[in-house]
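Colleague: Could you walk me through this one and tell me what stands behind each label you use?

Modeller: Happy to; let us have it on the screen first.

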Amino acid sequence: MTDTTTGQTGWQPPKVWTFDAETGGTWAKTNRPTAGAQYDRALPEGSHALQLYSLATPNGVKVSILLEELLDAGISAAEYDAWPIRISDSDQFSSGFVAVNPNSKIPALVDRSGPAPVRVFESGHILLYLAEKFGAFLPADPARKTEVLNWLFWLQGAAPFAGGGFGHFYAYAPEKYEYPINRYTMEVKRQLDLLDQLLADRPYIGGADYTIADIAIWPWYGQMVLNRVYNAAEFLDAGRYKNVLRWATEIAARPAVRRGLMVTRTWGEEAEQVPERHSPADFAGKNL
């Protein structure tokens, strides 16, 4: 039974939960209570040492943005092939992808530059791996590096509240429920207020320089205040976070960010999609 005034239900959890049916809503069929490959299929491979398997979600674009930034910084060894993992089609449960990321989540990276391929998964770890590998977008000074990593790891803990919490119940759940929307809205606004206070005193998340902390946090919170995810900027009163808006707008204008957002994008206007990326030529004719 549902209370029509609050949207709350009288459902009570059983003593032992069982998977009887999909829960409904967007992405429901991708959720299962078991891990591992569901079918056999090898991943495609290109000619570059770095192979990115991703989708242009806020998590996925972190890595494509960093790779494009590295290339703009003149680091030619950061050239890469990118392949879409269509999570709505369960590509993440193929044997090939599970071999790269047993957790079946995008993004995932394979680095073939050494004597044996190295798999790298979890978006924050991929950013750290690439920044250390190429010596870019991460300060060498221990104190400054630690401050950047403080915020990189903050994002890894905070983003699930923004995505799996707020985003799910506000934008994707089959019904609107007051309690979870209020609960996660309060937390997301607290996070935005935290970032707004931080950015009142510094141009970038980690301090004076643009780093992997910005590249990690912008796809979630920058795009949220710019109304690019969840269509929730008005609901969140995003205009009040003026420092976050300043930071978000500046980063959105970076050429590497604009390109990175297109990589492994498989929806929207064709001029904004680069489903596979193998060279800079793949951006020809795109809306840059």
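Modeller: Let me start with one bridge: L50 has D111 in strand 5 as its bridge partner. Please keep in mind that this is a predicted model.

Colleague: What makes strand 3 and strand 5 a pair?

Modeller: Pairing takes at least two bridges. Strand 3 (residues 50–54) and strand 5 are joined by four bridges, in the antiparallel sense, so they count as paired by that rule.

Colleague: And how do you know that strand 5 and strand 6 pair?

Modeller: The reasoning runs along similar lines. Four bridges link strand 5 (residues 108–111) with strand 6 (residues 118–121), and the two run antiparallel. One of the bridges matches L109 with V120 of strand 6. Six residues lie between these two strands, which form a hairpin.

Colleague: What is the order of the strands in the open sheet?

Modeller: The order is 4-3-5-6, four strands with mixed pairing. At the edges are strand 4 (80–84) and strand 6.

Colleague: Why are those two called edge strands?

Modeller: Each of them pairs on one side only. From one strand to the next, the twist averages 20°.

Colleague: Which strands does helix 1 lie across?

Modeller: Helix 1 (residues 60–72) lies across strand 3 and strand 4, at about 150° to strand 3. Helix 3 (residues 123–134) lies across strand 3, strand 5 and strand 6, and its angle to strand 6 is about 130°.

Colleague: On to the helices, then. How does the span of helix 5 compare with the expected one?

Modeller: Helix 5 (residues 178–199) has 22 residues, and from first C-alpha to last it reaches 31 Å, close to the 32 Å expected at 1.5 Å a residue. Its buried residues include I181, V188, L192, L195 and L199. The buried residues of helix 5 pack against helix 4 (142–172), helix 6 (212–225) and helix 7 (242–252).

Colleague: Is R183 buried, exposed or partly exposed?

Modeller: R183, which belongs to helix 5, has a relative accessible area of 37%. Buried would need under 20% and exposed over 50%, so R183 is partly exposed. As for its place in the fold, R183 and E272 are 89 residues apart in sequence and 34 Å apart in space, C-alpha to C-alpha.

Colleague: Why does W151 count as buried?

Modeller: W151 sits in helix 4. Its relative accessibility is 11%, and the limit for buried is under 20%, so W151 counts as buried. Leaving aside neighbours within four places in sequence, W151 has contacts that include L194, L195, L198, A213 and I217. Its C-alpha is 9.2 Å from that of I212, although the two are 61 residues apart along the chain.

Colleague: Now the rings. Why is the pair of F169 and Y184 called stacked?

Modeller: There are 12 aromatic pairs by the rule used here. For F169 and Y184, the ring centres are 6.0 Å apart and the planes stand at 5°. A pair needs centres within 6.5 Å, and stacked means planes under 30 degrees apart, so this pair is stacked. F169 is in helix 4 and Y184 in helix 5, so the pair ties together parts 15 residues apart in sequence. F169 is partly exposed at 23%, and Y184 is partly exposed at 22%.

Colleague: And what makes Y172 and Y230 edge-to-face?

Modeller: Their centres are 5.9 Å apart, with 75° between the planes. Edge-to-face begins over 60 degrees, so the name fits. This pair links distant parts of the chain: Y172 in helix 4 and Y230 in the loop between helix 6 and helix 7, 58 residues apart. Y172 is partly exposed, with a relative accessible area of 30%, whereas Y230, at 15%, is buried. Both are in one aromatic cluster with F166, Y170 and F235.

Colleague: How do you know that the charge of K133 sits over the ring of F134?

Modeller: The charged end of K133 is 5.6 Å from the ring centre of F134, and the distance limit is within 6 Å. K176 likewise lies over the face of Y170, at 5.4 Å from the ring centre.

Methods. Residues are numbered from 1 along each chain as its sequence is written. This is a predicted model: local features need pLDDT of at least 70, side-chain atom pairs count only at pLDDT 80 or more; totals for chains, interfaces and linings use all residues. Side-chain values use heavy atoms; hydrogens and water are left out. The expected span of a helix is 1.5 Å times one less than its number of residues. Buried means under 20% relative accessible area, exposed over 50%, partly exposed in between (1.4 Å probe, protein chains only). Contact means heavy atoms within 4.5 Å. Axes are lines fitted to C-alpha atoms, for helices over the stretch in contact, and angles run from 0 to 180 degrees between N-to-C directions. A charge sits over a ring if NZ of Lys or CZ of Arg is within 6 Å of the ring centre and within 35 degrees of the ring normal.
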